Number of protein chains: 2
Amino acid sequence: MALATRERILEAAGATLSRNPNASLDQIAVEARVGRATVFRHFESRAGLLKALASRAIDETDRATRLAAADARTATDALRLITQAVVGAGESFRFLDSAAELYDEPEIVEAYQRQMSELADLVGAAKREGFIRPDLPTAWVVASIDGLIWAACRAVGDGELGVVQAQDLVWETIASGLSAEGAREDRHADQA
Amino acid sequence: MALATRERILEAAGATLSRNPNASLDQIAVEARVGRATVFRHFESRAGLLKALASRAIDETDRATRLAAADARTATDALRLITQAVVGAGESFRFLDSAAELYDEPEIVEAYQRQMSELADLVGAAKREGFIRPDLPTAWVVASIDGLIWAACRAVGDGELGVVQAQDLVWETIASGLSAEGAREDRHADQA
DNA sequence: CTTGAATGAGACTTTATAGTCTCGTTCCCT
DNA sequence: AGGGAACGAGACTATAAAGTCTCATTCAAG
């Protein structure tokens with residue numbers, strides 16, 4: 001079955017590349033229990049495989065975003081749902097750490113920038129809801145959410161935390177770290 | 001001058017590799033304004049260059065750790081000094097993201113694990129001081145500090161934040177994110 | 001049973017890059 | 001001025017991995 005094979009290759013590529021970002025197609029083929037030639041039957045080239053993997057991660061994020069937008073009543077809630085969804089699907093994302101080649105793919109870069117900008121919008125809305133401290137630069141809020149998600153995925157992959165535990169901890173850390181939390185009167189207006 | 005050349009190569013390697021983790025020695029040599037052969041005169045091989053780069057980052061961290069241990073009166077303060085020192089030297093560390101090859105270097109791996117374990121000890125001490133919430137797994141605290149430092153280095157490298165601003169924001173985020181609710185007054189020992 | 005699509009295995013070519021070597025030049029030191 | 005160390009340039013080799021091609025095999029559908 002062609003579809004199952006293609007899927008198995010993608011799965012193996014994600015797993016192998018998250019362990020070793022420079023893994024060869026041969027290693028990926030072995031991991032997928034597939035001939036190396038079959039990889040080329042399903043993907044034009046190594047770049048094509050990487051691109052398909054990235055598209056998959058992007059689609060997964062888009063789906064989570066749409067679900068969150070539908071279910072959540074507040075931007076804060078949407079932020080939480082998206083964050084936890086991405087941590088839950090962490091294995092699909094870890095390979096992106098090293099995917100410098102993808103900077104050459106306009107579609108991927110564009111989609112990534114769109115998602116970051118959507119995240120920034122959500123952070124802006126969460127600021128207006130009073131959840132995110134308005135004095136923090138949005139760029140930093142986005143970057144640190146990214147960093148915490150990455151840390152969580154890594155911890156899960158390394159077996160240091162369970163998935164559910166990691167999801168909770170990430171949100172806990174984001175919340176207590178970035179939320180305005182009413183009872184905070186500390187004058188910190190001094191970050192230029 | 002041999003020493004200046006070696007230093008220039010290391011500098012260029014750090015800069016080039018942080019932009020493109022798979023950069024060739026040729027690209028690095030060009031960036032260093034040096035002949036490719038000269039790279040091999042100063043370093044045994046590509047692996048040797050990577051190893052030297054990593055050793056440099058490790059030494060820098062050790063120095064910051066010793067300074068912090070000498071200057072700080074509390075583990076919390078030491079944690080802050082170390083964190084900000086690493087963010088300040090971020091350009092020396094970004095290349096490590098992708099340095100999967102370094103897993104083959106026992107000295108590097110050992111030194112890295114030692115530093116992580118020192119960081120974990122410091123986190124433990126900061127817990128006892130009441131700064132870090134004791135109910136958070138130490139592994140998660142270490143991982144998220146790592147993640148936030150990484151996010152800050154990236155933001156600085158991308159020009160989204162200034163170095164000093166990033167140093168402040170990282171610590172601010174760690175503090176409000178991981179500290180026990182009661183211990184909030186100690187944290188505004190304003191940084192240089 | 002027959003057929004055709006998907007596959008595995010592996011030979012083969014191509015390309016990029018690591019690593020080696022040589023030679024002429026520059027530049028510093030005495 | 002003379003001499004040696006460090007360097008730049010580039011030719012050269014070795015190797016690993018990408019990408020192409022062929023052929024025999026499997027396997028499901030008719």
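Helices here are DSSP runs of at least four residues, numbered from the N terminus. Keep that in mind as you click along, and remember that this is a predicted model.

**Stop 1: one helix, two partners**

Select helix α5 of chain A, residues 75-88. Inside α5 you will find both A:Asp77 and A:Arg80, three residues apart, or about one turn of the helix. Show their side chains: A:Asp77 and A:Arg80 form a salt bridge, and their closest N and O atoms are 3.3 Å apart. Why can such a pair form? Side chains of opposite charge can pair when their charged atoms come close. If you would like to hunt for others, the structure holds 24 salt bridges over all chains.

**Stop 2: the whole of chain A**

Now zoom out and colour chain A by secondary structure. How many helices and strands does chain A have? You should find eight helices and zero strands. Walking from the N terminus, each step brings you to another helix, in the order α-α-α-α-α-α-α-α. Taken along the principal axes, the C-alpha atoms of chain A fill a box of roughly 65 × 35 × 35 Å.

**Stop 3: two domains and where they touch**

Give residues 1-43 of chain A one colour and residues 54-178 another: these are domain 1 and domain 2 in the domain assignment. The centres of the two domains of chain A, taken over C-alpha atoms, are 26 Å apart.

Next, look at the place where the two domains of chain A meet. Seven residues of domain 1 are in contact with five residues of domain 2. The area buried between these domains is about 500 Å², and carbon and sulfur atoms give 50% of that area. Which three residues of domain 1 supply more of its buried area than any other three? Select A:Leu17, A:Ser18 and A:Pro21, which together supply 60% of the area that domain 1 of chain A buries against domain 2.

Two salt bridges are found across this interface between domain 1 and domain 2 of chain A. You can also pick out a salt bridge between the side chains of A:Glu11 and A:Arg56, with 3.0 Å from N to O. On the side of domain 1 of chain A that touches domain 2, there are three nonpolar, two polar and two charged residues.

**Stop 4: DNA strand C**

Turn to the DNA and select strand C, which has 18 residues around it. The closest are A:Thr5, A:Thr38, A:Arg41, B:Arg36 and B:Arg46. Of the atoms of DNA strand C that come within 4 Å of the protein, sugar and phosphate account for 49%.

Try three close-ups here. At A:Gly35, a backbone N or O atom lies 2.9 Å from a phosphate oxygen of DNA strand C. At A:Arg33, a backbone N or O atom lies 3.4 Å from a phosphate oxygen of that strand. What part of DNA strand C does the side chain of B:Arg36 approach, with an N or O atom at 2.6 Å? Look there for a base oxygen.

To see which elements are involved, highlight α1 (2-19) and α3 of chain A, then α3 of chain B: each supplies at least two residues of the surface near DNA strand C. Sorted by class, this surface has seven nonpolar, six polar and five charged residues.

**Stop 5: DNA strand D**

Finally, select DNA strand D. Of the 18 residues around strand D, those that come nearest are A:Arg36, A:Arg46, B:Thr5, B:Thr38 and B:Arg41. Of the strand D atoms within 4 Å of the protein, 50% belong to sugar or phosphate and the rest to bases.

Three more close-ups wait at phosphate oxygens of DNA strand D. One is 2.8 Å from an N or O atom in the side chain of B:His42. At B:Gly35, a polar backbone atom is 2.9 Å from a phosphate oxygen of DNA strand D. At A:Leu25, a backbone N or O atom lies 3.2 Å from a phosphate oxygen of DNA strand D. To finish, highlight α3 (36-42) of chain A along with α1 (2-19) and α3 (36-42) of chain B, the elements that give two or more residues to the surface near DNA strand D.

Definitions and conventions. Residues are numbered from 1 along each chain as its sequence is written. Chains are lettered from A and ligands numbered from 1 in the order in which they are written. This is a predicted model: local features need pLDDT of at least 70, side-chain atom pairs count only at pLDDT 80 or more; totals for chains, interfaces and linings use all residues. Side-chain values use heavy atoms; hydrogens and water are left out. A residue is near a molecule or strand if one of its heavy atoms lies within 4 Å of it. A polar contact is a pair of N or O atoms within 3.5 Å; within protein, one must be able to donate a hydrogen and the other to accept it, and residues adjacent in sequence count only if both atoms are side-chain atoms. Domain bounds come from an automatic or database domain assignment. Contact means heavy atoms within 4.5 Å. Buried area is the accessible area (1.4 Å probe) that two parts lose on being put together, summed over both. A salt bridge is a side-chain nitrogen of Lys or Arg within 4 Å of a carboxyl oxygen of Asp or Glu. Ala, Val, Leu, Ile, Met, Phe, Trp, Tyr, Cys and Pro count as nonpolar, Asp, Glu, Lys and Arg as charged, and the others, Gly among them, as polar.
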